[in-house]
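Please open the structure in a viewer with the sequence panel visible. The tour below proceeds by selection, and each stop states what is to be found there.

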Amino acid sequence: SDFYEWSPSDDIPDRGCLLGTYYTYERKKVTSQCNQGIAYSRHTSSHLCPCTRIDYECDFGFALEADESCLLTGEGTGILVPSDCYPGSSYFHTRGYRKVAGDKCTAVADDKFAPLEIPCPGQNTGFSVSVGGDGVQADSIWYSVATGQKVLLTAHFDDEAMINLTNHTFLWRIDDTISHSFQNSLYFTFSSAKSYIVDITVSTYQFTSTNSTRITVLDSVATVTFPVASQSYTYVNLPTQYSVLLPADTSHFGSLTFNWFFGSDSSHVTTSPVISYTFSDTGTQHVCWKVQNLVSSSSVQCTTTESYPSIEVTGLSIQYTGAYYVQLQWDQVPVDIKGYQVLYREDGGSYMSAGLLLTTTFFIVPNLKTSTQYTFTV
């Protein structure tokens with residue numbers, strides 16, 4: 001034959017589909033010398049492909065993860081029942097994915113990416129969903145629990161008359177897990193740190209009603225060690241910086257807060273892993289910290305810092321050396337000291353340490369910003 005069939009594809013092995021459609025075109029072989037004529041009709045055909053992950057992108061309010069899954073963020077609204085959802089009809093509930101624009105693939109029976117069809121709540125019927133268990137944190141209709149924790153999901157009826165109705169059936173849908181029960185409660189263990197959508201449909205002979213909630217599952221920090229980068233020496237009345245060294249990825253912990261304890265001083269709570277503290281006394285200072293998320297708290301860890309009397313030097317001069325560097329020069333202090341500390345601040349902000357325990361009487365401060373006023377102290 002002088003012709004062969006050719007299909008464009010999306011470079012997925014053994015698929016040959018483009019936006020959910022498999023096309024075939026008749027092509028003349030490069031080596032063929034035949035003349036098909038002006039009226040020749042070239043054969044083409046197409047058929048739809050079954051949907052796979054490549055046909056979907058993350059829906060609004062969901063973020064793409066490293067494993068190609070789509071994780072619900074704080075902007076997601078997929079758990080809300082539409083205002084025009086009437087009894088007897090249904091609405092589509094996103095799983096975090098939506099078809100790529102123009103994709104025509106056909107859904108398959110075990111499609112894990114297509115939205116779920118959920119019955120609309122029955123008229124004048126209603127119930128709420130609660131999540132119970134040790135360490136469960138509630139925020140409006142959202143809950144936070146620890147990975148591996150068994151929780152109790154419960155449907156609470158709003159109308160006492162509904163409680164007395166017989167033959168209730170409950171359909172519990174947690175992501176792709178579906179469970180049927182005649183009880184208004186269900187124990188469930190969440191195995192992965194991510195956001196889950198929990199849909200509960202209650203049915204009787206008289207009505208069908210649906211409600212939803214979101215559960216954010218976070219890894220516990222209780223057994224995690226969080227070291228701190230600190231200074232072994234500092235000076236009285238000068239700020240000392242401490243910084244918790246976090247793993248590269250903390251998303252599975254959720255939002256973290258940091259509790260700091262400096263001697264007998266009251267605790268300081270920050271959302272940043274970095275804190276600056278000024279000691280007013282000389283001697284050995286005990287510094288402790290712990291890290292918390294919404295579902296757990298790490299153990300308290302401690303270190304010590306020696307604080308020495310501070311003596312401000314004289315004869316301090318500043319020389320701009322170009323390329324965002326300045327060199328500081330000062331007079332030798334005629335007393336026994338541990339070393340010198342250089343501090344600086346931007347436009348009246350807090351002092352930061354540029355160098356500690358220096359044995360020389362000069363220091364170069366690098367990486368300064370343009371159009372910024374700096375104050376230096378040694």
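**Stop 1: an open sheet.** The model is a predicted one. Begin by selecting strands β19, β21 and β24, which form, in that order, an open sheet of three strands with antiparallel pairing. The edges of this sheet are β19 (228-229) and β24 (274-278), each of which pairs on one side only. Next, restrict the selection to β21, residues 239-244, together with β24: the two are antiparallel partners over five bridges. To inspect one position within this pairing, select Thr240, whose bridge partner in β24 is Tyr277.

**Stop 2: strands β22, β25 and β26.** Select β22 (residues 257-262) and then add β25; six bridges connect the two in the antiparallel sense. Within this pairing, Asn259 stands opposite Lys290 of β25. Now add β26, which pairs with β25 in the antiparallel sense over seven bridges. A position to display here is Val287, which has Thr303 in β26 as its bridge partner.

**Stop 3: the disulfide of Cys288 and Cys302.** Keep β25 and β26 on screen and show the cysteine side chains. The sulfur atoms of Cys288 and Cys302 lie 2.0 Å apart and form a disulfide. What is the handedness of the link between Cys288 and Cys302? The value about the S-S bond is 105°, and the link is right-handed. Cys288 belongs to strand β25 (residues 283-292) and Cys302 to strand β26 (residues 301-308), and the pair, 14 residues apart, links distant parts of the chain. Cys288 has a relative accessible area of 15%, under the 20% cut-off, and therefore counts as buried.

**Stop 4: the remaining cysteines of the tour.** A search of the whole structure returns four disulfides. A disulfide is a covalent bond that joins the sulfur atoms of two cysteines.

Select Cys17 and Cys49, a disulfide with an S to S distance of 1.9 Å. The torsion about their S-S bond is about -95°, so this disulfide is left-handed. Cys17 is in the loop between β1 (3-6) and β2 (21-28), while Cys49 is in the loop between β3 (44-48) and β4 (56-58), so the bond ties together parts 32 residues apart in sequence. Cys17 is buried, at 4% relative accessibility, and Cys49 is likewise buried, at 4%.

Move on to Cys51 and Cys105, a disulfide with an S to S distance of 2.0 Å. Here the torsion about the S-S bond is about 95°, so the disulfide is right-handed. Cys51 occupies the loop between β3 and β4, and Cys105 the loop between β8 (97-99) and β9 (116-119), so this pair ties together parts that are 54 residues apart in sequence. Both Cys51 and Cys105 are buried.

Finally, select Cys34. Is this residue buried, partly exposed or exposed? Its relative accessibility is 25%, between the cut-offs of 20% and 50%, so Cys34 counts as partly exposed.

**Stop 5: the second largest pocket.** Rolling a probe the size of a water molecule over the atoms shows where empty space is left. The second largest pocket holds about 330 Å³ of space. Its lining comprises 20 residues; to find its centre, select the closest ones, namely Tyr235, Pro309, Ser310, Ile311 and Gly339. Colouring the lining by class gives 12 nonpolar, five polar and three charged residues.

Definitions and conventions
Residues are numbered from 1 along each chain as its sequence is written. This is a predicted model: local features need pLDDT of at least 70, side-chain atom pairs count only at pLDDT 80 or more; totals for chains, interfaces and linings use all residues. Side-chain values use heavy atoms; hydrogens and water are left out. Two strands pair if DSSP finds at least two bridges between them. Helices (H or I, at least four residues) and strands (E, at least two) are DSSP runs, numbered from the N terminus. On a 1 Å grid over the protein atoms alone, a cavity is a set of points where a 1.4 Å probe fits but cannot get out, and a pocket is an open set with protein on both sides within 12 Å along at least five of seven lines; lining residues have an atom within 4 Å of a point. Grid points are joined across faces, edges and corners, and a volume is the space filled by probe spheres set on the points. Ala, Val, Leu, Ile, Met, Phe, Trp, Tyr, Cys and Pro count as nonpolar, Asp, Glu, Lys and Arg as charged, and the others, Gly among them, as polar. A disulfide is a pair of cysteine sulfur atoms within 2.5 Å. Buried means under 20% relative accessible area, exposed over 50%, partly exposed in between (1.4 Å probe, protein chains only).
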